[in-house]
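Work through these exercises with the structure open beside you. Try each task before you read its solution.

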Amino acid sequence: MDIIISNAGGTPIYGQIVTQVKNQILSGALSAGDALPSIRTLARELRISVITTKRAYEELERDGFIETVAGKGSFVAAKNTDFLREEALRRIEAALQEAVDLARRSGVPVQEVHGMLNLLLEEL
């Protein structure tokens, strides 16, 4: 599991861990049942607080991405296809909102934005 922490920017360290683990699960880099490093091991590898790592794991578990088994560790949860679809839709909506905001600020007409989106969709 590769996680890169950046001290620049406004995203908290635990949030960076959560985002990167979610991305690896959604992309298939981590599969259901894969073991994650222990909280202490990950904290040591990233040179961060155990509390920060624990918070990230708790959020991942709350969101259904990982499961923790007492005495055994944390594992990637079995994929819930409805949940993964909702997560993907949420991310798509956020990206589209960012594009719409940029188009508004730049004065790009709606028809051009529609045209760009249609072109991108045709490439699928």
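**Exercise 1. Decide whether D63 is buried or exposed, then find its salt-bridge partners.**

Solution. This is a predicted model.
Step 1. Take the relative accessible area of D63, which is 18%. Buried means under 20%, so D63 is buried.
Step 2. Look for partners. D63 forms a salt bridge with R62, and their closest N and O atoms are 3.6 Å apart. R62 has a relative accessible area of 61%, so R62 is exposed.
Step 3. Add the next pair. The side chains of D63 and K22 also meet in a salt bridge, at 2.9 Å from N to O. D63 sits in the loop between α3 (50-62) and β1 (66-69), while K22 is in helix α1, so this pair ties together parts that are 41 residues apart in sequence. Both D63 and K22 are buried.
Step 4. Combine the pairs. Salt bridges with shared partners join K22, R62 and D63 into one network.

**Exercise 2. Find the salt bridge within helix α3 and describe its setting.**

Solution.
Step 1. The whole structure holds three salt bridges. One of them links the side chains of E58 and K54, at 2.5 Å from N to O.
Step 2. Place the pair. E58 and K54 both lie in helix α3, four residues apart, or about one turn of the helix.
Step 3. Use the geometry. An α-helix has 3.6 residues a turn, so residues three or four places apart point the same way.
Step 4. Check exposure. E58 has 44% relative accessibility, so it counts as partly exposed. K54, at 42%, also counts as partly exposed.

**Exercise 3. Test whether the length of helix α1 agrees with its residue count.**

Solution.
Step 1. Helix α1 covers residues 13-27, which makes 15 residues.
Step 2. At 1.5 Å a residue, helix α1 should span 21 Å.
Step 3. Compare. The end C-alpha atoms of α1 are 21 Å apart, which agrees.
Step 4. Look along the helix. Buried residues in α1 include Y14, I17, V18, V21 and I25.
Step 5. See what follows. After α1 comes G28, with a positive phi near 90 degrees.

**Exercise 4. Describe the surroundings of S74.**

Solution.
Step 1. Locate S74: strand β2 (residues 73-76).
Step 2. Its relative accessible area is 8%, so S74 is buried.
Step 3. List neighbours. Leaving out residues up to four places away in sequence, S74 touches several residues, among them D34, L36, Y57 and T68.
Step 4. Pick out the polar contact. The side chains of S74 and T68 are joined by one of 3.0 Å.

Notes: Residues are numbered from 1 along each chain as its sequence is written. This is a predicted model: local features need pLDDT of at least 70, side-chain atom pairs count only at pLDDT 80 or more; totals for chains, interfaces and linings use all residues. Side-chain values use heavy atoms; hydrogens and water are left out. Helices (H or I, at least four residues) and strands (E, at least two) are DSSP runs, numbered from the N terminus. The expected span of a helix is 1.5 Å times one less than its number of residues. Buried means under 20% relative accessible area, exposed over 50%, partly exposed in between (1.4 Å probe, protein chains only). A polar contact is a pair of N or O atoms within 3.5 Å; within protein, one must be able to donate a hydrogen and the other to accept it, and residues adjacent in sequence count only if both atoms are side-chain atoms. Contact means heavy atoms within 4.5 Å. A salt bridge is a side-chain nitrogen of Lys or Arg within 4 Å of a carboxyl oxygen of Asp or Glu.
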